[in-house]
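Here is a quick tour for someone meeting this structure for the first time. Take a look at the model, and then we can walk through it piece by piece.

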Amino acid sequence: MTEEIHLSRLEPTLEARTYPAEREALAESFAGTTLLFADGDADLGGLIDDVDQETFESADDAFVALQNVLPVEAVGEPGQSDGDA
């Protein structure tokens with residue numbers, strides 16, 4: 001059975017792991033876990049694997065690193081802008 005996690009629950013999910021954690025081990029532990037966005041989804045293990053960082057010192061460290069590899073579908077409606085009026 002594949003686990004599904006909403007993006008809004010990602011931080012608590014990461015906090016359930018032990019740190020420091022190697023990127024490869026963390027990616028493997030989340031392989032097959034679907035991260036759900038407002039408009040789409042992605043494999044959480046694959047996203048972690050895409051991060052350039054080799055080691056995460058904390059869940060917050062992992063969460064911040066993941067922000068750089070999330071697809072545009074994860075952060076709002078495509079084409080939306082904050083202030084381009």
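## Starting from the core

In this predicted model, the largest nonpolar core is made of 23 residues, and the ones with the most contacts inside it are Leu14, Tyr19, Leu35, Leu44, Ile48, Phe56 and Leu66. Several elements put two or more residues into this core: helix 1 (10-15), helix 2 (23-30), strand 3 (34-37), helix 3 (44-50) and helix 4 (59-67). Helix 4 gives the largest share, with 5 residues. As background, nonpolar side chains in soluble globular proteins tend to be buried together.

## The chain as a whole

Stepping back a bit, the chain has 4 helices and 5 strands. If you read along the sequence, they come in the pattern β-α-β-α-β-β-α-β-α. The chain has 85 residues, and 34% of them count as buried. Now for how the chain meets itself: take the contacts with a separation of 6 or more, and 59% of them are between residues 24 or more positions apart.

## Helix 4 and its buried face

Back to helix 4. Which of its residues are buried? They are Ala59, Ala62, Phe63, Ala65 and Leu66. Looking down the axis of helix 4, these buried residues fall within an arc of 165 degrees, so they line one face of the helix. And what covers them? The cover includes helix 1, helix 2, helix 3 and strand 5 (55-56).

Leu66 is a good residue to zoom in on. It sits in helix 4, and its relative accessible area is 2%, so Leu66 counts as buried. Leaving out residues up to four places away in sequence, Leu66 touches Leu10, Leu14, Leu44, Leu47, Ile48 and Val51. You can also check Leu66 against Gln53: the two are 13 residues apart in sequence, and their C-alpha atoms are 9.8 Å apart in space.

## Over to helix 1

One of the residues touching Leu66 is Leu14, so let's see the contacts from that side. Setting aside neighbours within four places in sequence, Leu14 is in contact with Tyr19, Phe30, Ala59, Ala62, Phe63 and Leu66.

Thr13 belongs to helix 1. Is Thr13 buried or exposed? Its relative accessibility is 17%, so Thr13 counts as buried, the cut-off being under 20%. Beyond residues up to four places away in sequence, Thr13 touches Ile5 and Phe30.

Phe30 turns up once more with a charged partner: the charged end of Arg17 sits over the ring of Phe30, 4.0 Å from the ring's centre. As for rings pairing with rings, the structure holds 0 aromatic pairs.

## Salt bridges around Arg23

How many salt bridges does the structure hold? There are 2, and here they are side by side.

| Acidic residue | Basic residue | Closest N and O atoms |
|---|---|---|
| Asp49 | Arg23 | 3.2 Å |
| Glu54 | Arg23 | 2.8 Å |

Glu54 lies in the loop between helix 3 and strand 5, while Arg23 is in helix 2, so this pair ties together parts that are 31 residues apart in sequence. For the other bridge, Asp49 and Arg23 link distant parts of the chain, with Asp49 in helix 3, Arg23 in helix 2, and their positions 26 residues apart. Taken together, Arg23, Asp49 and Glu54 are linked in a network of salt bridges.

What about burial in this network? Arg23 is buried, with a relative accessible area of 14%. Asp49 counts as partly exposed at 43% relative accessibility. Glu54 is partly exposed too, with a relative accessible area of 46%.

## One last stop on helix 2

Ala25 is also found in helix 2. With a relative accessible area of 47%, Ala25 is partly exposed. Ala25 and Ile48 are 23 residues apart in sequence, yet 9.7 Å apart in space, C-alpha to C-alpha. Ile48 itself is among the residues with the most contacts inside the largest nonpolar core, which brings the tour back to its starting point.

Terms used. Residues numbered from 1 in each chain as written. Predicted model: local features only at pLDDT ≥ 70, side-chain atom pairs only at ≥ 80, totals over all residues. Heavy atoms only, no water. Core = buried A, V, L, I, M, F, W, Y, C linked by side-chain atoms within 4.5 Å. Buried < 20%, exposed > 50% of the residue type's maximum accessible area, 1.4 Å probe, protein only. Contact = heavy atoms within 4.5 Å. Phe/Tyr/Trp six-rings, centres within 6.5 Å; stacked < 30°, edge-to-face > 60°. Lys NZ or Arg CZ within 6 Å of the ring centre and 35° of its normal. Arc of directions from axis to C-beta. Salt bridge = Lys/Arg side-chain N within 4 Å of Asp/Glu carboxyl O.
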